[in-house]
Amino acid sequence: MKPRLNIIIASTRPGRIGPKVAAWIDASAKKHGKFDVSLVDLVDFNLPVYDEPKHPSMQDYKHDHTKAWSKSVASADAYLFVMPEYNYCAPPSLVNALTYVSKEWAYKPAGIVSYGGLSGGLRAAQSIKPLLTSVRVMPLPEGVAIPYVSKAIENDEFKASDMMEEGAGVMLGELHRWTEALKSMRS
């Protein structure tokens, strides 16, 4: 049985580019063939700023949106975050989503596909790594950065460069290796 990879679209704002970038990396991950791939959009969970009365480590959730998010996060063996850069940081929607649950994230690896302007979202990717490690996610050094992302949109579709395609292959290979290596810690 293939490990499950949740590709999480981290931006929730209207007019976002994230779903277009996610459609590309979703197709790349399926072509890679080592994962059972699921595309997850944070918009679908409608998570307000953290509103659970108890700490997430207790897993005593009161709200349906938290229960649904917990189930989604727990279902994966690995993650790939598709995220923009906002003010040199990760989007608040992702920070909030990571905070909602705790144990569900543990001992799973994560890759990052970041996008933005000149930096390609690299500052955002680096900013989220300490938070990922605090919930016991292993963020990979390999990732894909997409500079000037809007220039790569043609006919309402994201068109990756050869370098991005190559980077995605490397990242997915490493993500699979880490998923297998951490399997015993998730048991």
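Two strands are taken to pair if DSSP finds at least two bridges between them, and with that in mind the tour of this predicted model can start in the sheet.

Select strand E1, residues 4–9, together with strand E2, residues 36–41: the two run parallel, and 6 bridges join them. Within this pair, show the side chains of arginine 4 and of aspartate 36 in E2, which stand opposite each other.

Next, widen the selection to the whole sheet, which is open, has 5 strands in the order E2-E1-E3-E4-E5, and is paired in parallel fashion. At its edges stand E2 and E5 (137–146), each with a single partner strand, so that one side of each is left without a neighbour in the sheet. Looking along the sheet, one finds a twist that averages 20° from one strand to the next.

Now add helix H1, residues 18–32, which lies across E1, E2, E3 (78–84), E4 (108–115) and E5, and whose direction runs at about 165° to E1. Helix H4 also packs on the sheet, where it touches E3, E4 and E5, and its direction makes about 170° with that of E5.

Keep H4 (residues 122–134) in view and add H3 (residues 92–100): their axes come within 10 Å and cross at roughly 5°. Because angles under 35 degrees count as roughly parallel, H3 and H4 are therefore roughly parallel to each other. To see what joins them, display Leu94, Val95 and Leu98 of H3 with Ile128, Leu131 and Leu132 of H4, the residues that make the contact. The residues of this contact of H3 with H4 divide into 6 nonpolar, no polar and no charged.

Definitions and conventions
Residues numbered from 1 in each chain as written. Predicted model: local features only at pLDDT ≥ 70, side-chain atom pairs only at ≥ 80, totals over all residues. Heavy atoms only, no water. Axes fitted to C-alpha atoms, helices over the stretch in contact; angles between N-to-C directions. Helix = DSSP H or I, 4+ residues; strand = E, 2+ residues; numbered from the N terminus. Parallel < 35°, antiparallel > 145°, perpendicular 65-115°, else oblique. Contact = heavy atoms within 4.5 Å. Nonpolar A, V, L, I, M, F, W, Y, C, P; charged D, E, K, R; others polar.
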